[in-house]
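Here's a quick briefing to read with the model open beside you. It goes topic by topic, so feel free to jump around.

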Amino acid sequence: MKRILTGVLAAALALSLCACGGTPAASSASSAAPAASSASSGGGLAGKQISVMTPYLSSVTTHQMADALQASLEGEGASVTVIDTANDFAALASRIEDVTAAQTDAIVLVSADPSQVENQLREAFDAGVPVFGCDSGYIDGMQINATSDNRQMGELITNYLFNDLMGGKGTVVALTHRPHPGVVKRCEAFDELLAAQPDIQLITEQHVPAEQPINDAQDIVQNLLTANPEKGSITAIWCGWDEPAIGAAQACQEAGRDEIMIVGVDGNEQAVSLIQADTPLKATVAQNFQGMVDIVAEQMGRYFAGETIQPGELYAEATLITKENAG
């Protein structure tokens, strides 16, 4: 069972901490990496105390990755503590200080921007604690960050929306969360592709908080539909990830606005079901979260086995999902 660390004292933390084929990383931020097998870890993880840390465990996909990381690393003999700070980056910074003082063997930062806790991570680097990312960002000093090519995913879903669904014209609403390093790269791709579409107008961009993204997105879209009551006044809704896309689809269905086309990113199971059911949610890009976990487990195993790993970002392949291939 996953253990959530809520204490703030380093002493208490120390007590809790004690209690796939792949290839080595070969390049930096532009590289792609295959999923890895636990067999390649060479036993380097046995007996290690690993801190899996995130501010976003309430997210379905983040929870999925944290669970998979715990299972994978414990399967190699490590002791894993999962630490959630409930959307609080100040608390995340404090917990990083705690695990560093408690001499954790490694930190895995999940779905979090390392630049927001850079000072604390640099303390970890100075203390000799290796830091790995899983669907996070990357800063110098980290070992690797396993993620999707978020810019490519942003381009893929945006091009599909603008060209295949909208036919190069109409109006669009953007639901975003730019504090997330992956989402912001998707947003940047959206911004650039929108600038090249003279016949597509952005009505508004709305920030969706991470705490309850489905409910918050539903409320945001309900208000937008009230402000734009005529059918056809909103052509599409672009969402930086699937949970706001789900909330947007629910709002459109309840308002009878089935003409609006919605897209997201992640490959969330509920989102795929809505695509299959021919709702306003038309497409997503499925990320390979298990592939990211496999990359982290493999690279961490290599690190502790004394092998050299190449710092940077490693990408797990993503896939466009539409009604035609949703299954």
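How do the residues of the lining of the largest cavity divide into nonpolar, polar and charged? They come out as six nonpolar, nine polar and four charged. Keep in mind that this is a predicted model. Below are notes on the cavities, the cysteines, one helix, the aromatic rings and a few backbone spots.

**The largest cavity**

- The largest cavity has a volume of about 200 Å³, and 19 residues line it.
- If you want to find its centre, look for S59, T61, T62, H180 and W241, the lining residues closest to that point.
- Two helices show up in this lining with at least two residues each: helix 2, covering 60-75, and helix 6, covering 181-195.

**The second largest cavity**

- The second largest cavity holds about 30 Å³ of space.
- Its lining is made of S136, G137, N145, T147, S148, N150, P181, G182, K185 and E313.
- Sorted by character, that lining has one nonpolar residue, seven polar and two charged.
- Strand 6 (144-147) and helix 6 both chip in with at least two residues.
- Which element gives the most to the lining of the second largest cavity? That's helix 6, with three residues.
- So helix 6 is one to click on for both cavities, because it supplies at least two residues to the lining of the largest and at least two to that of the second largest, going by how helices are assigned here.

**Cysteines**

- The structure has zero disulfides.
- C239 is unpaired, and the nearest cysteine sulfur to its own belongs to C252, 9.2 Å away.
- Looking from the other end, C252 is in no disulfide either, with the sulfur of C239 as its nearest at 9.2 Å.
- Why don't these two count as a disulfide? The pair would need sulfur atoms within 2.5 Å, and theirs sit 9.2 Å apart.
- Buried or exposed? C239 is buried, at 0% relative accessibility, and C252 is buried with a relative accessible area of 0%.

**Helix 8**

- C252 brings us to helix 8, as it is one of the buried residues there.
- Helix 8 runs over residues 242-254, which makes 13 residues.
- From first C-alpha to last it reaches 18 Å, close to the 18 Å expected at 1.5 Å a residue.
- How many of the 13 residues of helix 8 are buried? The count is 10, so the helix is largely enclosed by the rest of the structure.
- Among those buried residues are D242 and E243, along with P244, A245, I246 and G247.
- Just past the end of helix 8, G256 has a positive phi of about 70°.

**Aromatic rings**

- There are five aromatic pairs in the model.
- One of them joins Y56 and F89, with ring centres 6.0 Å apart and 75° between the planes, which makes it edge-to-face.
- Y56 sits in the loop between strand 2 (49-54) and helix 2, while F89 is in helix 3 (residues 89-101), so the pair ties together parts that are 33 residues apart in sequence.
- Both Y56 and F89 are buried.
- Elsewhere, ring pairs link F132, Y303 and F304 into a cluster.

**Positive phi outside glycine**

- Most residues other than glycine have a negative phi, which is why the next two residues get a mention.
- Q103 is not a glycine, yet its phi is positive at about 60°.
- You'll find Q103 in the loop between helix 3 and strand 4 (106-110), and it is exposed at 64% relative accessibility.
- D266 is the other case here, with a positive phi of about 145° although it is not a glycine.
- The loop between strand 10 (261-263) and helix 9 (269-276) is where D266 lies, and D266 is buried with a relative accessible area of 6%.

**A contact between distant parts of the sequence**

- R302 belongs to helix 10 (residues 289-304), and its relative accessible area of 9% makes it buried.
- How many residues apart in sequence are R302 and L45? They are 257 residues apart in sequence, and 8.7 Å apart in space, C-alpha to C-alpha.

How values were computed:
Residues numbered from 1 in each chain as written. Predicted model: local features only at pLDDT ≥ 70, side-chain atom pairs only at ≥ 80, totals over all residues. Heavy atoms only, no water. 1 Å grid on protein atoms, 1.4 Å probe; cavity = no way out; pocket = protein on both sides within 12 Å on 5 of 7 lines; lining within 4 Å. Points joined across faces, edges and corners; volume = space filled by probe spheres on them. Helix = DSSP H or I, 4+ residues; strand = E, 2+ residues; numbered from the N terminus. Nonpolar A, V, L, I, M, F, W, Y, C, P; charged D, E, K, R; others polar. Buried < 20%, exposed > 50% of the residue type's maximum accessible area, 1.4 Å probe, protein only. Expected span 1.5 Å × (residues − 1). Phe/Tyr/Trp six-rings, centres within 6.5 Å; stacked < 30°, edge-to-face > 60°.
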